[in-house]
Amino acid sequence: MSKILILRFSSIGDIVLTTPVVRCVKEQVPGAQVHYCTKQAFSGILENNPYVDKVHVLGESLGELVQRLKAEEFDYIVDLHNNLRTRIIKARLGKPGRSFNKLNYEKWLMVNFKRNRLPDVHIVDRYLAAAAALGVEDDGRGLDYFIPAKDEVDLQTLPTPFQGGNYVAFAIGAQHYTKRLPTERIIELCERLNKPVVLLGGKEDAATGEEIAAHFDTQQTTHGTRIYNACGKYNLNGSAWLVRQAELVVSHDTGLMHIAAALGKDIISVWGNTIPEFGMYPFRTRYKVLQVEGLSCRPCSKIGYKKCPKGHFKCMRAISFEDLTI
């Protein structure tokens, strides 16, 4: 039996993007026992994954984690994070393994000099390359996301227009401000969606969701509410269930976009300061990109900022919705 450790500490989208590696290792390496190490906040994403045999959680002490991992006596380590802590873990465990290529130099060139030396390769393919020495190959089945029955949402508990699933799910949140449309632009985009819209996000997005819903209070469908603000009302799996039932998903460059791809949904993918060329666009599902082409200051970061460094925020404010028809 081969005992294999996969390392990826964060975050939601990145962990979902590692699921093809988990599945392929489990199914293609004879007798493989797959362990996954992540942060506590993200362990729930993996607890329902049938291809993961055991989840290890990074707490406050890296040293304690290393001791627990040593006791497992792994045969191989697949490092899908490749940061200082995962490199320390690999060194202290002293086992063979490989880290994925983060393309930091290529991203630096793109962000700072707008010189595109990025390979036309999705990050999932780079993750799979880190497991290639195990004889693992892409099985072509895309991403995985498993929702336990206890987190399924009864659509009959939603307002009437949403009970049949004939709605658009709009993930309005994102970790960084420069990856989110301004509220007035979300409203503008919702106005072009000729269907009921469920707004999805965390508790931190609830106030924005209320502002958007209030704008549409006077716009009723034949059966009632036009916008349903679900931000903060469900856990991640509950939000994923609402994504699964949606006819279409609109999302910023964030975790729910990758969950939507795992669930095989059609996606409208909205990009601000980051770019699809970084290799994290929706994987193996139909999608349309909304972005400002040819903006000289974009990308300004490989992650995001609390505010636009230039002050104009053209990457989001200047996105055209003219050709968008639903």
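I will go through helix 4, the packing of helix 2 on helix 7, and Asp144 in this predicted model.

Some conventions: the model is predicted, with pLDDT of at least 70 needed for local features and 80 or more for side-chain atom pairs, while totals for chains, interfaces and linings use all residues. Residues are numbered from 1 along each chain as its sequence is written, and side-chain values use heavy atoms, without hydrogens and water. Helices are DSSP runs of H or I with at least four residues, strands are E runs of at least two, and both are numbered from the N terminus.

Helix 4 covers residues 62-72, and its buried residues (under 20% relative accessible area, 1.4 Å probe, protein chains only) are Leu62, Leu65, Val66, Leu69 and Glu72. These cover an arc of only 105° around the axis, taken from the directions to the C-beta atoms, so they sit on the same side of helix 4. The face turned away from that side carries Glu64 and Ala71, which are exposed (over 50%). At the N-terminal end, Ser61 is the cap, with a side-chain oxygen 3.4 Å from the backbone nitrogen of Gly63. Just after the helix, Glu73 has a positive phi of about 55°.

Next, the helix pair. The axes of helix 2 (residues 19-28) and helix 7, lines fitted to C-alpha atoms over the stretch in contact, come within 9 Å and cross at roughly 35°, on a scale from 0 to 180 degrees between N-to-C directions. Contact here means heavy atoms within 4.5 Å, and Pro20, Val21 and Cys24 of helix 2 meet Val124, Tyr127 and Leu128 of helix 7.

Last, Asp144 lies in the loop between helix 7 (123-130) and strand 6 (168-171). Asp144 is buried, at 14% relative accessible area.

Technical notes
Polar contact = N/O pair within 3.5 Å; in protein donor to acceptor, adjacent residues only side chain to side chain.
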